[in-house]
Amino acid sequence: MGSGSEASMAYKLDEEIMNQVAAIRVTGDGNFIDAESLSVVVEDILKHTAPIVGSFLPGTQAPLINVEDITPSASFSSPFCILKQISCKMDCNAPGEVNAHETTLSILRMLSDYSWDARAVMTLAAFAFGFGEFWFLVQLQSSDELAKSVASLKQIPVLVGRKQFQKHQQAFTELINLIKGTMEVIRCIFELEKLPNYGRENVPALSKALDHIPIHVYWVIRTVVGCSTQMTRITGDDQQQAVDDLSSLAYNLDHILNNLKMQLNTCKQQIEATETEAYQILENQFQTHPTITEVIKALCYGKSNMQLLIDGSTEVNFDILKHKYVLLLFSGPDVSENDLLTLKQLHQEIGNRGKIVWIPIVGKATPDIEMKFRSRGSEVPLYIVHKFSPIPGIKFIKEKWHFRHEALLVVINAKVRVEQCILLGQIKDINSFPCFRKKKMDVLVDGISRCACHCLCVHVPTSKCCQRH
């Protein structure tokens, strides 16, 4: 197992399957499931089957990845009805690769309202539900009449003797190893999706890895369908055929898992390199004479192409920021009403001397994130940088400007030098900004000078003129 011919056949098959899977897109109709919380429940079920499996099959290790004491989120709600539908599709699946493929595609279509990782976890959860129930009833049926009756209805064989189970040990071992493999693949997918995506130009390995998630999910579901069929065959005592079927799935899953681990390492290296490069560029820029456009490009885009600034319902060029004070606002979309009021007052008091530019800080791009920023931004006269995904300069912002979670304003003067960093919640009025207090004094001096000049022209004493004004 693991020859070059097998690998080439697997890739050829993947190419054919990919075309079918690509047609089953995420419809985005609003259905959401906390996939990570569901995976915790799945792992808990499998963890608690371990001692039961061990008592009937000595030397067989039940699948276990989550050794930490992690609990689902408080708001988690099980998609029980859909899990039952998935379970029914798998239980009624006839043996054979063609049937397994069609069942997998059917499950993918049924779950098209959900994200790819959610589809994988929900399918595994449907299997875990039946798997846990199987061992629970096996444990109780010899001593509990109710369990024995339910087990009979569920077509769970009365395998009370340890020897009866042990003759199926190889089949159970294959199945359990596959379950463990599917959980590891799902964990890798979770980890990939949590990585900051700075764009294809900055982290090409991540974009490539994310593009392959649909086919990985297909094989996870195909494997779970195979595990379900294996359970049926064990009860039917068709052990040899079951093991042969699972061995090919095991090879493919192992290949996927190894690729995912390599991709994760490559992605992390490219992400670190992107953050370090942005950090060094920004550090060098503030020691020379950059333009504000160059600073924002290094902060937000890296090697990616810049987009125009968002100004309400229109877009404007970065030239509008030249020779101005620029107040960079770093935050997520959930700014408070008090913060919005502060920004409005700040805009009024600064006037034409400066511009407020909102740089979105997000952990992950989502379909509705841009709408949230645009909606909030429309309530204040400011510009929004068109970048609604993680930004390469985040390390610099955190280390040099001490951004944490609260909204932060960084004041950059017309010579593109940082004059001040202040939390938005700490701003009281224009007096919170020394640079603008100075400007107010300049305005007063300019006014007196103009007044004096006017008084000289009309031969009126300056003091009387100023009193009149």
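Colleague: How do the residues that line the largest pocket divide into nonpolar, polar and charged?

Modeller: This is a predicted model, and in it the residues of that lining divide into 17 nonpolar, 10 polar and nine charged. The pocket itself holds about 1100 Å³ of space, and of the 36 residues that line it, the closest to its centre are S115, D117, E193, K364 and A365. The elements that give two or more residues to this lining are the helices α2, α5, α8, α9 (204-211) and α10 (213-236).

Colleague: Where does the largest pocket lie with respect to domain 1 and domain 2?

Modeller: One reads this from the ownership of the lining residues: domain 1 (10-273) and domain 2 (290-450) both contribute to the lining of the largest pocket, so the pocket lies between them.

Colleague: Turning to the interior, which residues touch the most other members of the largest nonpolar core?

Modeller: The general idea is that in soluble globular proteins nonpolar side chains tend to be buried together. Here the largest nonpolar core has 108 residues, and M122, L299, L328 and F330 are the ones that touch the most other members. Helix α5 (residues 116-140) provides the largest share of this core, with 14 residues, while domain 1 (10-273) and domain 2 (290-450) are each represented in the core by at least three residues.

Colleague: Which residues is L299 in contact with, leaving aside its neighbours within four places in sequence?

Modeller: With those neighbours set aside, L299 is in contact with L282, L328, F330, I359, I391, P392, G393, I397 and W401. L328 and F330 appear in this list, and both were named above, with L299, among the residues that touch the most other core members. Another core lies apart from the largest one, and its 25 residues include I350, W358, L424 and I427.

Colleague: How many cavities of 30 Å³ or more does a search of the whole structure find?

Modeller: The general idea is that a cavity is a space where a probe fits but cannot get out, whereas a pocket is open. The search finds two cavities of 30 Å³ or more, and the largest contains about 60 Å³ of space. Its lining consists of S39, V42, E43, V121, L124, M183, I186, R187 and F190, which by class are six nonpolar, one polar and two charged residues. Helices α2 (35-56), α5 and α8 (169-194) each supply at least two residues of this lining, with α8 giving the largest share, four residues.

Colleague: Is S39, one of the residues lining that cavity, buried or exposed?

Modeller: Burial is judged by relative accessible area, with under 20% counting as buried; S39 has 6% relative accessibility and therefore counts as buried. S39 lies in helix α2, and, not counting residues up to four places away in sequence, S39 touches V121, R187 and F190. Those three partners also belong to the lining of the largest cavity.

Colleague: Which residues line the second largest cavity?

Modeller: The second largest cavity, with a volume of about 30 Å³, is lined by H347, I350, G351, G354, K355 and I356. The elements that give two or more residues to this lining are α13 (337-350) and β4 (354-360), and β4 gives the most, with three residues. By class, the lining of the second largest cavity has two nonpolar, three polar and one charged residues. I350, which is part of this lining, is also among the members of the core of 25 residues.

Methods:
Residues numbered from 1 in each chain as written. Predicted model: local features only at pLDDT ≥ 70, side-chain atom pairs only at ≥ 80, totals over all residues. Heavy atoms only, no water. Core = buried A, V, L, I, M, F, W, Y, C linked by side-chain atoms within 4.5 Å. Buried < 20%, exposed > 50% of the residue type's maximum accessible area, 1.4 Å probe, protein only. Domains from an automatic or database assignment. Contact = heavy atoms within 4.5 Å. 1 Å grid on protein atoms, 1.4 Å probe; cavity = no way out; pocket = protein on both sides within 12 Å on 5 of 7 lines; lining within 4 Å. Points joined across faces, edges and corners; volume = space filled by probe spheres on them. Nonpolar A, V, L, I, M, F, W, Y, C, P; charged D, E, K, R; others polar.
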